[in-house]
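I open this notebook to keep track of what I look up, one entry at a time. Below I place the structure itself.

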Amino acid sequence: MDFVLFFITAAVALIGAIAMLVARNAVHSALFLLLNFAAIAVLFLLLQSPFLFAIQLTVYAGAIMVLFLFVVMLLGAERVEDTPDRIAWQRPLALALGVALVAVAVVSVLRGARAAPPGGEAAAAFGDPAQLGALLFTGYLLPFQVTGIILLIAVVGVAVLNQRGRAASAARRGTGVE
Amino acid sequence: MVPTSYYIILSATLFAIGVLGVLIRRNALVLFMSVELMLNAANLALVAFARERLSIDGQVLVFFVITVAAAEVAVGLALLVAIFRTKHTADVDEVSTLRG
């Protein structure tokens, strides 16, 4: 049962990722990436991490992808790749390097492959969100606060960037900064 | 139970697709999406290893990665909007100077 679920979800994730790569329209890319994120969330659930499943769906699929879609539609930048490619040799080289990366990863994983991971009572404790929260607020309290500061700096940075952009465009129009 | 190696192979494949996206696409928005895909693949590997060792620390790390990714997307998209305002393009080949 686990295997069936895994293979279906993995196929959906791979299809989403490849379709994101080849879609010509940025809106379609964003929606395919959303499909991929949802599939990864289900994989988190299969890995007994219900908290990360919820985080993945709300933060990644919910917030980040909505931000992406919003910006794509705000800019109207769905299609920009109509001009001929300036670096012609880059695409085949990239494909070869990507295939090589996958091959190296698969070979190294298979050489170190082991039996199925442990289950049972210890696995039940592994998936407990309460334990995760306790660890987050005891062992990882300082990194947790640092992430809060990072998010704060990001918000301030976005505000500053947009403010300067507005001032520059106002100056170019000759109206000056309000 | 699905062996950890299956998850790692899937994660490596997704990561390679993300690398390919960064290398061959020229729309800056799709580039950002590919970076997100790579972060996600890394998250999947982290959770798979965490379950292999039955250690919650891996899950905490994934939480941090998601937070940093959220900050990165906010700043990156703001930069893109700023670039689009001055250069009127989202093509990374067109943006070759730092001066706005």
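In which helix of chain A is Leu35(A) found? I looked this up before anything else, bearing in mind that the model is predicted, and I noted that Leu35(A) lies in helix H2 of chain A.

Entry on exposure. I then asked how Leu35(A) is classed, and I found a relative accessibility of 35%, so Leu35(A) counts as partly exposed, given that this class runs between the limits of 20% for buried and 50% for exposed.

Entry on the surface patch. I looked up which residues make a nonpolar patch with Leu35(A), and I noted Val4(A), Ile8(A), Val12(A) and Phe32(A), the patch having an area of about 390 Å². Two elements of chain A, helix H1 (2-22) and helix H2 (26-46), each give two or more residues to the nonpolar patch, and H1(A) gives the most, with three residues.

Entry on the two chains. Turning to the contact between chain B and chain A, I recorded 85 residues from chain A and 68 residues from chain B. The area buried between the two chains is about 7,500 Å², and carbon and sulfur atoms give 76% of that area.

Entry on polar pairs. How many salt bridges does the rule find across the interface of chain B and chain A? I found zero salt bridges there, whereas seven residue pairs are in polar contact across the interface. On the side of chain B that touches chain A, helix H1 (4-24), helix H2 (28-53) and helix H3 (57-87) of chain B each supply at least two residues, and the largest share, 21 residues, comes from H3(B).

Technical notes:
Residues numbered from 1 in each chain as written. Chains lettered and ligands numbered in written order. Predicted model: local features only at pLDDT ≥ 70, side-chain atom pairs only at ≥ 80, totals over all residues. Heavy atoms only, no water. Patch = residues over 30% accessible without salt bridge, like charges linked within 9 Å, V, L, I, M, F, W, Y side chains within 5 Å. Areas by Shrake-Rupley, 256 points an atom, 1.4 Å probe, with all protein chains shown as cover. Salt bridge = Lys/Arg side-chain N within 4 Å of Asp/Glu carboxyl O. Helix = DSSP H or I, 4+ residues; strand = E, 2+ residues; numbered from the N terminus. Buried < 20%, exposed > 50% of the residue type's maximum accessible area, 1.4 Å probe, protein only. Contact = heavy atoms within 4.5 Å. Buried area = accessible area lost by both parts, 1.4 Å probe. Polar contact = N/O pair within 3.5 Å; in protein donor to acceptor, adjacent residues only side chain to side chain.
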